[in-house]
Amino acid sequence: MLLKLLPCTCSSMGNSQSLTVHSGDRINSSQQLDYLDDRTTYEEVSAWSMNFDRLMKNKSGQKYFAEFLKSEYSDENILFWQACEELKRERNAEKIEEKARIIYEDFISILSPKEVSLDSRVREIINNNMVHPSAHTFDEAQNQIYTLMQRDSYPRFVASSLYKKLVGSYGHVEDL
């Protein structure tokens with residue numbers, strides 16, 4: 001079986017150990033542990049297995065979930081969701097329009113290699129919204145992708161060796 005090595009985007013590369021993520025994919029364990037901050041507790045990480053909303057509201061949780069999605073070749077979903085969140089925080093009208101066009105080109109356009117899977121109704125809503133883009137241009141699409149991740153990828157993430165290794169890194173031995 002071929003292994004896909006994920007590039008480490010973390011600042012410290014000291015530890016070269018690897019762990020199995022999913023279907024034989026591998027991730028550098030120093031990268032894995034760099035996502036935790038001092039405020040992320042065992043209880044928080046453990047709670048991610050019971051509540052997708054809680055996972056997605058936690059920056060460290062989003063990073064681990066994104067790594068898992070990358071191992072499944074579907075990280076465009078969380079990248080799109082995060083781009084929509086960033087768009088909603090923007091207050092400058094010109095920047096909103098610019099960011100909306102970038103999101104459209106990166107994730108909605110059928111020419112994009114990172115195109116997300118949306119139904120025709122939502123695509124039509126986006127196309128109508130793009131006439132005058134706003135911070136909420138992609139709300140319907142973002143909700144659809146969120147639901148897709150929750151129903152499809154999240155259960156596999158919770159069952160993954162990446163998540164189990166993360167929980168185990170706290171020194172607790174639990175079978176999730």
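**Figure 1. Surroundings of Phe-157 in helix H8 of the predicted model.** Setting aside residues up to four places away in sequence, Phe-157 contacts Leu-55, Tyr-64, Phe-65, Phe-68, Leu-162 and Tyr-163. The relative accessibility of Phe-157 is 0%, so this residue counts as buried. Glu-72 lies 85 residues from Phe-157 along the chain, and the two C-alpha atoms are separated by 10.0 Å.

**Figure 2. Surroundings of Phe-65.** Beyond four places in sequence, the residues touched by Phe-65 are Phe-52, Leu-55, Met-56, Ile-78, Met-149, Ser-153, Tyr-154 and Phe-157. Leu-55, which appears in this list, is also a contact of Phe-157. Phe-65 is one of the residues that touch the most other members of the largest nonpolar core.

**Figure 3. The largest nonpolar core, with 40 residues.** The members that touch the most others are Phe-65, Phe-80, Phe-138, Met-149 and Phe-157. At least two core residues come from each of helices H2 (42–47), H3 (52–57), H4 (59–71), H5 (76–89), H6 (93–108), H7 (120–129), H8 (139–159) and H9 (161–168). Helix H8 gives the most to this core, with seven residues. In soluble globular proteins, nonpolar side chains tend to be buried together.

**Figure 4. Ser-153, a residue of helix H8.** Ser-153 has a relative accessibility of 3% and therefore counts as buried, the cut-off being under 20%. Apart from residues up to four places away in sequence, Ser-153 touches Phe-65, Phe-68, Leu-69, Glu-72, Ser-74 and Leu-148. One of these contacts, Phe-65, is 88 residues from Ser-153 in sequence, with a C-alpha to C-alpha distance of 8.9 Å.

**Figure 5. The crossing of helices H5 and H8.** The two axes come within 10 Å and cross at roughly 140 degrees. Because of this angle, H5 is oblique to H8. The crossing of these helices is left-handed. On the H5 side, the contact is made by Asn-77, Ile-78, Phe-80, Trp-81, Cys-84, Glu-85 and Lys-88. The H8 side contributes Asp-139, Ala-141, Gln-142, Ile-145, Tyr-146, Leu-148 and Met-149. Phe-80 of H5 and Met-149 of H8 take part in this contact, and both are among the residues that touch the most other members of the largest nonpolar core.

**Figure 6. The crossing of helices H7 and H8.** The axes of H7 and H8 come within 8 Å, at an angle of roughly 150 degrees. H7 is therefore roughly antiparallel to H8, since angles over 145 degrees fall in that class. Arg-121, Val-122, Ile-125 and Ile-126 of H7 make the contact with Glu-140, Ala-141 and Gln-144 of H8. Ala-141 of H8 takes part in this contact and also in that between H5 and H8.

**Figure 7. Arg-123 in helix H7.** Arg-123 counts as buried because its relative accessibility is 18%, and the cut-off for burial is under 20%. Neighbours within four places in sequence left aside, Arg-123 is in contact with Ile-108, Glu-115, Val-116 and Leu-118. Arg-123 and Ala-141 are 18 residues apart in sequence, and their C-alpha atoms are 7.7 Å apart in space.

**Figure 8. Tyr-73 in the loop between H4 and H5.** Although Tyr-73 is not a glycine, this residue has a positive phi of about 60 degrees. Its relative accessibility is 59%, so Tyr-73 counts as exposed.

**Figure 9. The chain as a whole and its confidence.** The secondary structure comprises nine helices and two strands, in the order β-β-α-α-α-α-α-α-α-α-α along the sequence. Of the 176 residues, 44% count as buried. Among contacts between residues at least 6 apart in sequence, 57% join residues at least 24 apart. The average pLDDT of the chain is 81, and 74% of the residues score at least 70. The pLDDT is below 50 over residues 1–33, a stretch with 69 contacts in the model beyond near neighbours in sequence. Residues 172–176 also stay under a pLDDT of 50, and the model has seven contacts for them beyond four places in sequence. Where pLDDT is low, the predicted coordinates should not be read in detail.

Definitions and conventions. Residues numbered from 1 in each chain as written. Predicted model: local features only at pLDDT ≥ 70, side-chain atom pairs only at ≥ 80, totals over all residues. Heavy atoms only, no water. pLDDT = per-residue confidence, 0-100. Contact = heavy atoms within 4.5 Å. Core = buried A, V, L, I, M, F, W, Y, C linked by side-chain atoms within 4.5 Å. Buried < 20%, exposed > 50% of the residue type's maximum accessible area, 1.4 Å probe, protein only. Helix = DSSP H or I, 4+ residues; strand = E, 2+ residues; numbered from the N terminus. Axes fitted to C-alpha atoms, helices over the stretch in contact; angles between N-to-C directions. Parallel < 35°, antiparallel > 145°, perpendicular 65-115°, else oblique. Left-handed = near helix turned anticlockwise from the far one by under 90°.
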